[in-house]
Amino acid sequence: MSETKDNRFASGVNAIMAVVFILNLIYSREDNIIMIALTGGGRLVDILSATNASVYSGFQVHRLITYGYLQPAIWHLLANVYALWYVGLYLEKALGLTRLFVIYHVGLIVPCAVFLFILPNGVMYGASPAIFCCLGLMAY
């Protein structure tokens with residue numbers, strides 16, 4: 001119980017990612033949801049993921065953050081939930097909730113903007129860039 005109280009940020013982000021995953025399956029129910037759950041995809045990928053066309057041409061800058069809450073495959077979701085839980089346990093104690101919130105979201109925005117600038121045909125989804133940003137901070 002104490003770990004959950006000390007890890008409010010990761011608990012909240014993980015809950016959002018799980019809800020978005022389930023909503024993706026519900027929203028994509030006319031497709032093969034078993035294949036979507038195992039291999040990724042779904043209709044929310046088109047709505048929440050970040051692409052060069054959506055961010056730079058379509059001026060949908062909110063996608064620089066929403067892509068980080070989209071985990072289209074169960075394996076992706078489980079890996080990021082696990083990693084964020086353990087990173088969050090340490091960093092929330094060391095930095096506090098507000099600083100961790102800012103660092104996490106900067107870790108979403110900057111890598112996505114750079115990635116889409118360098119690879120204009122790329123698609124970004126998943127929390128991995130922010131988690132790696134947090135891991136780099138822990139290593140520092």
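Q: Before I look at helix α9, what does "buried" mean here?
A: A residue counts as buried when its relative accessible area is under 20%. Keep in mind that this is a predicted model. In helix α9, the buried residues are P129, A130, I131 and C134.

Q: Why might residues a few places apart in a helix point the same way?
A: An α-helix has 3.6 residues a turn, so residues three or four places apart face the same way.

Q: What covers the buried residues of α9?
A: The cover includes helices α7 (74–95) and α8 (97–118), along with strand β2 (123–124).

Q: How far apart should the ends of α9 be?
A: Allow 1.5 Å a residue: the 12 residues of α9 (residues 128–139) should then span 16 Å. The end C-alpha atoms of α9 are 16 Å apart, which agrees.

Q: Let's zoom in on P129. Which residues does P129 touch?
A: Leaving aside residues up to four places away in sequence, P129 of helix α9 touches Y67, G107, P111 and M124. As for W75, 54 residues from P129 along the chain, the two C-alpha atoms are separated by 16 Å.

Q: How do I read the packing of α7 and α8?
A: Start with the angle and the distance: α7 and α8 pack at about 130 degrees, with their axes 8 Å apart. The two helices are therefore oblique to each other. The crossing of α7 past α8 is right-handed.

Q: Which residues make that contact?
A: From α7 come L84, L91, E92 and L95, and from α8 come L97, R99, L100, I103 and Y104. By type, the contact has 7 nonpolar, no polar and 2 charged residues.

Technical notes:
Residues are numbered from 1 along each chain as its sequence is written. This is a predicted model: local features need pLDDT of at least 70, side-chain atom pairs count only at pLDDT 80 or more; totals for chains, interfaces and linings use all residues. Side-chain values use heavy atoms; hydrogens and water are left out. The expected span of a helix is 1.5 Å times one less than its number of residues. Buried means under 20% relative accessible area, exposed over 50%, partly exposed in between (1.4 Å probe, protein chains only). Contact means heavy atoms within 4.5 Å. Axes are lines fitted to C-alpha atoms, for helices over the stretch in contact, and angles run from 0 to 180 degrees between N-to-C directions. Angles under 35 degrees count as roughly parallel, over 145 as roughly antiparallel, 65 to 115 as roughly perpendicular and the rest as oblique. A crossing is left-handed if the near helix is turned anticlockwise from the far one by less than a right angle, and right-handed if clockwise. Ala, Val, Leu, Ile, Met, Phe, Trp, Tyr, Cys and Pro count as nonpolar, Asp, Glu, Lys and Arg as charged, and the others, Gly among them, as polar.
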